[in-house]
Amino acid sequence: MSDNENKNKFEIVFVCTGNTCRSPMAEFMFKDYLRAKKRSGDFTVKSAGLAAERGSILSAQASAALDFLDVKHNKDRKAKMFTVQMSMDGDLIVAMSDLHAERCGSENAVSFEELIGHPIPDPYGGSVEEYIDCALQMRGAFDAILALADAGRGDES
């Protein structure tokens with residue numbers, strides 16, 4: 001795909017702290033959600049962390065939670081740091097909390113707190129069940145996220 005074709009896609013970026021738990025789970029699950037709705041061609045979906053550590057990979061519990069939920073993912077996915085460029089390029093930035101959204105420095109940032117009434121708790125170091133619970137909370141906001149994205153694209157489908 002050429003860069004021009006990619007720029008025509010609406011870019012959604014999920015943001016958390018370290019980009020090894022919540023935001024990559026949201027990225028993989030939202031891609032899966034879009035495939036099921038036959039909408040993946042309309043969007044580019046990414047994730048990043050405000051304090052991501054170079055070389056970190058998807059946590060084992062996050063991978064296990066995604067396996068449990070039957071979500072296709074790359075268990076060796078490397079964490080990415082949220083950048084100023086991502087802030088400028090992201091058409092919709094979805095952060096785990098109001099504080100994450102504020103720190104993204106973008107008018108296009110929204111938080112799960114705004115969407116579902118509470119932040120997505122950080123499951124880091126917790127059980128697979130805690131990761132599954134976080135994943136299900138995030139998935140509960142996907143219809144609202146898609147509606148925001150469609151409104152941003154000018155497509156009320």
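In which crossing, left-handed or right-handed, does H2 pass H3? I looked this up first.

**Setup.** I am working on a predicted model, where local features need pLDDT of at least 70, side-chain atom pairs count only at pLDDT 80 or more, and totals for chains, interfaces and linings use all residues. Residues are numbered from 1 along each chain as its sequence is written, and side-chain values use heavy atoms, without hydrogens and water. Helices are DSSP runs (H or I, at least four residues), numbered from the N terminus.

**Crossing.** H2 passes H3 in a right-handed crossing (the near helix is turned clockwise from the far one by less than a right angle). From H2, Met25, Phe28 and Met29 make the contact (heavy atoms within 4.5 Å); from H3, Ala62, Ala65 and Leu66 do. By class I find 6 nonpolar, no polar and no charged residues in it.

**Angle.** I read a packing angle of about 20° for H2 and H3, with the axes 10 Å apart. Axes here are lines fitted to C-alpha atoms over the stretch in contact, and angles run from 0 to 180 degrees between N-to-C directions. H2 is therefore roughly parallel to H3 (under 35 degrees).

**Faces of H3.** H3 spans residues 60-68, and its buried residues (under 20% relative accessible area, 1.4 Å probe, protein chains only) are Ala62, Ser63, Ala65 and Leu66. Down the axis of H3 they fall within an arc of 160° (directions from the axis to the C-beta atoms), so they line one face. They pack against H2 (22-36) and H7 (128-139). On the face turned away I noted the exposed residues (over 50%) Ala60, Asp67 and Phe68.

**After H3.** Asp70 follows H3; its phi is positive, near 60°.

Key. Helix = DSSP H or I, 4+ residues; strand = E, 2+ residues; numbered from the N terminus. Parallel < 35°, antiparallel > 145°, perpendicular 65-115°, else oblique. Nonpolar A, V, L, I, M, F, W, Y, C, P; charged D, E, K, R; others polar.
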